[in-house]
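Me: I'm new to reading structures, and I'd like to look closely at just one part of this one. Please walk me through the shell around the ligand, and then show me how that part fits into the chain.

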Amino acid sequence: MAVFHLLWSLGAKALLIPVFLLFIAFLIYGLYLKYIHMKYDHIPGPPRDSFFLGHSPTLKRIMKNDELVHDKLIEWSETYGSVYRLNVLHFVVVCVTCPEATKEILMSPKYLKDKFVYKKLYNLFGQRFFGNGLVTVQNHELWYKQRRIMDPAFSTLYLRGLIGTFNERAEKLMDKLADAADNNTEANMLHLVNCVTLDVIAKVAFGMDLDLLTNSSPFPKAIETCLNAMVYYIRDLTFEFNPMNRRFIKEAREACRLLRTTGARVIRERKTAMQNGEDVPKDILTQIIKTAATEETMTEEDEEFMLDNFVTFFIAGQETTANQLAFCIMELGRHPEILEKVRKEVDDVIGMKQDLSYEDIGKLTYLSQVLKETLRMYSTVPGISREIQEDMVIDGVHIPGGVSCMLNSYVSGRLERFFKDPLKFDPDRFHPDAPRPYYCYYPFALGPRACLGQNFAQMEAKVVMAKLLQRFDFSLVPGQTFEIRDTGMLRPKSRVVCSIKHRK
Ligand code: HEM
């Protein structure tokens, strides 16, 4: 008995030390949080849900209810003004819609991409994902080196040469739509445009022939899984530790691995072709290989770095444009008068012509306006983040350095103070004679880290839309929601199901 007591008291003592240390750590963290609150609480913002978790319970609740976080951000922006604060644990994010501050932050290379968001995208639940690829790389020198090498693959000269591929892949979609019209079957437009944009990027960037409108492929599902996982990984810090999410996390890691192993195979094949002196295209893949070291000095990290960019272009070059196209078709389905006007322009400019030239595309100005207005209401990449390292003043509010700053083009695009009657779809806002929005419209971001693929994406979108309008009448199947699903990027929840008829 005495031995038992001795052991018990020794065990209790041994346990007391870690419990005490844990308590002290908890106390120190609490004090640190208090200090952070005192430092930033003069910035207006909604009341915190909890001292420790900040606003994350509200954000988590919105995501759980499959609602749109960005709509809440609009509400807060209307209530708290052009700069307000959010807290998540000890992290502070200032949400900015002030045009002057937007200009300062986006146009200057001084404001680096934010660690909190972009470093998280390096991995997805422990599996390397975007790594140091062009979208996520933070280090300025490393970014600049990559961007300089990539630029030629997006020059006007190079893009002109891609018009043939855009035409050819868009024709496959037209064949599919012709089948739907002949057989009187409904067309899931989001799925179809996703196939086209993935086909296009795979072909022009990596020389891969996926032909997704005919063949089945694991890639669309893998991309969707990665994007869904990305949202939880960034916004819910506890997600990873919940055993209920284990299966989802395993699937996300596998999806991510599939993209990277595919990249490794494609890069290996291209390198062999280059070594054999074969004539290879000067496409994105060739440029990616150039961003890495030469064969003699190639390290494992260099190999991984090439895969980072493979995944980056595979995803950045596809989902964004597909969602823009789907939202555009949805809005045209809801506005017959705008549909009529844009169709008339297409008829006047291209008539019955099948192969559209770069010049034809340039003449479709009203279609450009429609596509711009689509991105105002549905900014498919809604939020971007930068670091504010030094103190600054935004709209009279002092912002102490050391915070993340979120700029949200979905929010700015839907604020009454920037766009009158913001929920009205009105392409005339982007008429060439209309005043240009002042730093409140930036679906492709602005400044040095603006989207590299903007012209690529809009050329591709115009070719697809022009052919669709030229050949088919489409109408939305009734009973669909016009709500938005948030997968980090925005997509139409209803998937835009249409009935299709050949035009007379
Ligand atoms: C409608 C279509 C698209 C939209 C709305 C869009 C939007 C954006 C936005 C907002 C950024 C800045 C991200 C940030 O600062 O965090 C970005 C960056 C980027 N986008 Fe796009 N994008 C589109 C299509 C494309 C396409 C088709 C490609 C490639 C073929 C592409 C490649 C890139 C790259 C490489 C970057 C990083 C640029 C850099 O930091 O130097 N994007 N895009």
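Reply: Let's start with a term we need: a helix here is a DSSP run of at least four residues in state H or I, and helices are numbered from the N terminus. Keep in mind, too, that this is a predicted model.

Now to the shell itself. Three helices each supply at least two of its residues: H12 (300–316), H13 (319–334) and H18. The biggest giver is H13, with three residues. In total, 22 residues surround the ligand, and those that come nearest are Gly317, Thr320, Ala445, Cys451 and Gly453. By chemical character, the shell has 14 nonpolar residues, six polar ones and two charged ones.

One of those nearest residues deserves a longer look. In an unreviewed UniProt entry, Cys451 carries the feature "binding site". You will find Cys451 in a loop, with helix H17 (409–413) on one side and helix H18 (454–471) on the other. Is Cys451 buried, exposed or partly exposed? A residue needs 20 or more C-beta neighbours within 10 Å to be buried, and 12 or fewer to be exposed. Cys451 has 18 such neighbours inside 10 Å, so it counts as partly exposed. Leaving aside residues up to four places away in sequence, Cys451 touches Phe444 and Ala445. Ala445, you may recall, is also among the residues that come nearest to the ligand.

For contrast, have a look at strand E9 (residues 403–408). Five of the six residues in E9 are buried, which leaves this strand mostly covered. E9 has two partners to follow. Strand E2 (residues 91–96) pairs with E9 in the parallel sense, over four bridges, whereas strand E6 (residues 383–388) runs antiparallel to E9 and is joined to it by six bridges. A handy landmark is Leu407 in E9: Val96 stands opposite it, and so does Ile384.

Finally, let's step back to the whole chain. It has 18 helices and 13 strands. Its radius of gyration is 25 Å, close to the 23 Å that the globule rule gives for 504 residues, so the chain is as compact as a globular protein of that length. Along the principal axes, its C-alpha atoms fill a box of roughly 95 × 60 × 45 Å. Of the 504 residues, 38% count as buried. Among contacts with a separation of 6 or more, 73% come from residues 24 or more positions apart.

Terms used:
Residues numbered from 1 in each chain as written. Predicted model: local features only at pLDDT ≥ 70, side-chain atom pairs only at ≥ 80, totals over all residues. Rg over C-alpha atoms; globule rule 2.2 N^0.38 Å. Contact = placed C-beta atoms within 7 Å. UniProt positions renumbered as here; feature names shortened; annotations may be inferred. Pairing = 2+ DSSP bridges. Near = placed C-beta within 6 Å. Nonpolar A, V, L, I, M, F, W, Y, C, P; charged D, E, K, R; others polar.
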